Every structure is written in structure tokens, then in C-alpha cells.
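Biologist: Hi! Could you pull up the model so we can walk through it together?

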Amino acid sequence: MYELAVFGNPIGHSLSPSIHAQFAQQTGLKVNYAKILAPIDGFNQSVQQFIEKGANGFNVTVPFKLDAFNLATELTLNAKMAGAVNTIKIQKNKLIGENTDGLGLVNDLTQNLGLSLKGKKILILGAGGATQGIILPLLRQQPSQIMVANRTASKAEKLAHNFSQYGSVSGFGLDKIKSEPVDLIINATSASLDGNMPEIASGCADNAICYDLMYGKQTPFMDWAKNNNASIISDGLGMLVEQAASSFEFWTEKKPDTRSVIKKLRG
Ligand code: NDP
């Protein structure tokens, strides 16, 4: 039996237990996947209690990804560069920290949407935790360049600098986005959560693939993409399922089928 869980606060809304139950059924593995509401200042203690019960691993969501990064005794390169951990595997006394968010996005883009990112021009809106987690996995797909545009320009510049050894990454303010088409625009701002869309030059969306990391509803970014001639428009539900699948594989070495799960969640 794999004893797994997701830690968060709040956690009631999490789709992870249902996703992992479907993965367990497909792979024939026995999995017990719990939802654990950890107190805001009590993440480490909650994890400790879970480990004492014989845990094999766990996911971490808002607001504990940085706590998990600090708690891990070993980090994958993905996790190191992301500066955050969403998956921990427990091996004897080791807590191995991984970040599967970026891998989840790349798998959704390449496998579910059937896109190739090689040689493509990618524009990322936002320079928060999610952006930091997706840059390295995106660079591994060998795009021609990644541009990070953020409301606070200095954060985008800093991120670009941190990743420059891995590929062509530039960073600037949202107001510096040119009205020239790019191949892929990823909305990694949290603006959609408040029903907002950053004001940016619209020409960049012409015939572009537009992907919002947010899921669960049609977002203002998706509406904007539709009004500005985007070729493909997607929310981040596929990313959610793919990052869960990468976590599942990290713990069990079994790769689940994601398409049927995405289909079921979309109803
Ligand atoms: P952060 O809080 O770390 O960063 C938020 C970013 O959004 C910052 O760059 C911020 O700019 C920008 N921003 C916020 N409001 C606005 C606005 N009104 N106009 C322009 N920019 C704005 O959030 P995360 O990076 O952790 O998450 C971003 C999004 O990604 C969330 O919607 C989250 O739900 C989603 N997500 C989805 C996942 C999935 O599996 N599908 C996985 C992980 C995240 P500034 O720096 O100027 O404040």
C-alpha cells in the first residue's frame, strides 16, 4: 500500500485525491491518498506526523511549496531551479524534493495538445512561483527563446538572469511586449483568479497558442485570446493532471494514462 497525501491550506477544493484514485485504479496499485489541512505555521509538524504513520510520499500545494523546498533533504535540478517543491518522495531517512509543475505543463502541451516547442518563440506573462517552475522544463524543449513579461519588471529581469545559463531567456515589463506574433503565450499571472487580464499589446496573440495555467472556468485571458485571433486556447486542467501523473510516477515508477482522467474531469 502506498500511503500518500496532499498538504495545503485551504485544501478542501483539491482534485488530487480523485485524480490519484483514478491512477491507482488504472495501474492496479494500492494507494491511500489523503487530503491534509496543515496549519499555516504547522506544516513541518503535520508532515512529521504523516511520516510516522509510514508515508511513502506527498504533494504540496499553496502555501507550502517553499516550506517543502526547505524541508527536503535532497532536491532534483527541477526543484532547485523552481525554488519550490510540490512533490516529496520518502526513502528511509531521505526526503527527496521534486517539482512536477513544469513537466506537467510541457506534457500537456506536447502530448495532449500535440505541439512541438522546438524553435518556437514563447512569451510567459507573470514572474511568480509558477513561472519559476516552468522555465527549465520549457527550455529543455529547445524553444528559440523565452520572454518573461511581468507587471513588476525587475522580477522578470531577475528570473531571466537566473535561467540564462540554460537557454535564451529575456525579462521585461508587461508594457514592453511588442505587437508582434509569438508562437505560444502562457498566462502564469494570478490575474485570472481576480477576473482580470493584464493590459498588453494584442498583436502578439495573432495565430498564437494561448495557455492559461488557471483551470476550472473560462478566464479573461482565454476571452482575450479568442478576441485576438489565437489559434489554440487552453486552460491549465491538463497541466494539473499531468503534474499529478509525474508525481505518481516519481513515487511508484508507474506511468498512468492521463487522457481518460482529463476527459472525465472535463465531464
Ligand atoms: P504568484 O503569486 O507567485 O505570482 C503571481 C504573478 O501574477 C506575479 O508575477 C504577479 O505580478 C502577477 N499578477 C497578479 N495579478 C496581476 C494583474 N492584475 N496584472 C498583471 N499581473 C498580475 O502565483 P503563482 O505563480 O504561484 O501562480 C500563478 C497562477 O498559476 C495561478 O493562477 C495558479 O492557480 C496557477 N497555477 C496552476 C497550476 C496548474 O497545475 N494548472 C500549477 C501552479 C500554478 P507582480 O510580480 O507584479 O506582483
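Modeller: Happy to. One convention to start with: helices are DSSP runs of H or I with at least four residues, strands are runs of E with at least two, and both are numbered from the N terminus. Also, this is a predicted model.

Biologist: Good to know. What happens just after helix 5?

Modeller: Gly-114 sits there, and its phi is positive, at about 70°.

Biologist: And helix 5 itself, how many residues does it have?

Modeller: Helix 5 has 12 residues. From the first C-alpha to the last it reaches 15 Å, close to the 16 Å expected at 1.5 Å a residue.

Biologist: Which residues of helix 5 are buried?

Modeller: Asp-101, Gly-102, Gly-104, Leu-105, Val-106, Asn-107, Asp-108 and Leu-109.

Biologist: Asp-101 caught my eye there. What does the side chain of Asp-101 meet in a salt bridge?

Modeller: The side chain of Lys-65, with 2.9 Å from N to O. That pair links distant parts of the chain: Asp-101 belongs to helix 5 (residues 101-112) and Lys-65 to helix 3 (residues 65-71), 36 residues apart.

Biologist: Why does Asp-101 count as buried?

Modeller: Because its relative accessible area is 14%, and buried means under 20%. Lys-65 comes out at 24%, so Lys-65 counts as partly exposed.

Biologist: How many salt bridges turn up in the whole structure?

Modeller: A search of the whole structure finds 5. One of them joins the side chains of Arg-266 and Asp-235, at 2.8 Å from N to O. Here too the pair links distant parts of the chain, 31 residues apart: Arg-266 is in helix 10 (residues 259-266), while Asp-235 is in the loop between strand 12 (232-234) and helix 9 (237-252).

Biologist: Is Asp-235 buried or exposed?

Modeller: Asp-235 is buried, with a relative accessible area of 10%. Its partner Arg-266 is partly exposed, at 45%.

Biologist: What about Glu-249, what does its side chain meet?

Modeller: The side chain of Lys-255, in a salt bridge of 3.7 Å from N to O. Glu-249 is partly exposed at 31% relative accessible area, and Lys-255 counts as exposed at 56%.

Biologist: Let's switch to the ligand. How many residues surround the ligand, and which are the closest?

Modeller: There are 21 residues around the ligand, and the closest are Ala-130, Asn-150, Thr-152, Lys-155 and Leu-213. Helix 6 (129-139) and helix 9 each supply at least two residues of that shell.

Biologist: How do the residues of the shell divide into nonpolar, polar and charged?

Modeller: The split is 11 nonpolar, 8 polar and 2 charged.

Biologist: Which side-chain atom lies 2.9 Å from an oxygen atom of the ligand?

Modeller: A polar one from Arg-151. Lys-155 also has a side-chain N or O atom 2.7 Å from an oxygen atom of the ligand. On the nitrogen side, a backbone N or O atom of Gly-236 lies 3.1 Å from a nitrogen atom of the ligand. Taken alone the ligand exposes 940 Å², and the protein buries 77% of that.

Biologist: Nice. Now for backbone oddities: which residues does a cis peptide bond join?

Modeller: Asn-9 and Pro-10 are joined by one, with omega at about 5°. Pro-10 lies in the loop between strand 1 (2-8) and helix 1 (16-27). A cis peptide bond also joins Val-62 and Pro-63, where omega is about 5°. Pro-63 is in the loop between strand 3 (57-60) and helix 3.

Biologist: Back to phi, then. Which residue has a positive phi although it is not a glycine?

Modeller: Gln-142 does, with phi at about 60°. Gln-142 is found in the loop between helix 6 and strand 8 (145-150), and at 48% relative accessibility it counts as partly exposed. Glu-253, which is not a glycine either, has a positive phi of about 60° as well.

Biologist: Where is Glu-253 found?

Modeller: In the loop between helix 9 and helix 10.

Biologist: And is Glu-253 buried or exposed?

Modeller: Glu-253 is exposed, with a relative accessible area of 68%.

Methods
Residues numbered from 1 in each chain as written. Predicted model: local features only at pLDDT ≥ 70, side-chain atom pairs only at ≥ 80, totals over all residues. Heavy atoms only, no water. Salt bridge = Lys/Arg side-chain N within 4 Å of Asp/Glu carboxyl O. Buried < 20%, exposed > 50% of the residue type's maximum accessible area, 1.4 Å probe, protein only. Expected span 1.5 Å × (residues − 1). Near = heavy atom within 4 Å. Polar contact = N/O pair within 3.5 Å; in protein donor to acceptor, adjacent residues only side chain to side chain. Areas by Shrake-Rupley, 256 points an atom, 1.4 Å probe, with all protein chains shown as cover. Nonpolar A, V, L, I, M, F, W, Y, C, P; charged D, E, K, R; others polar.
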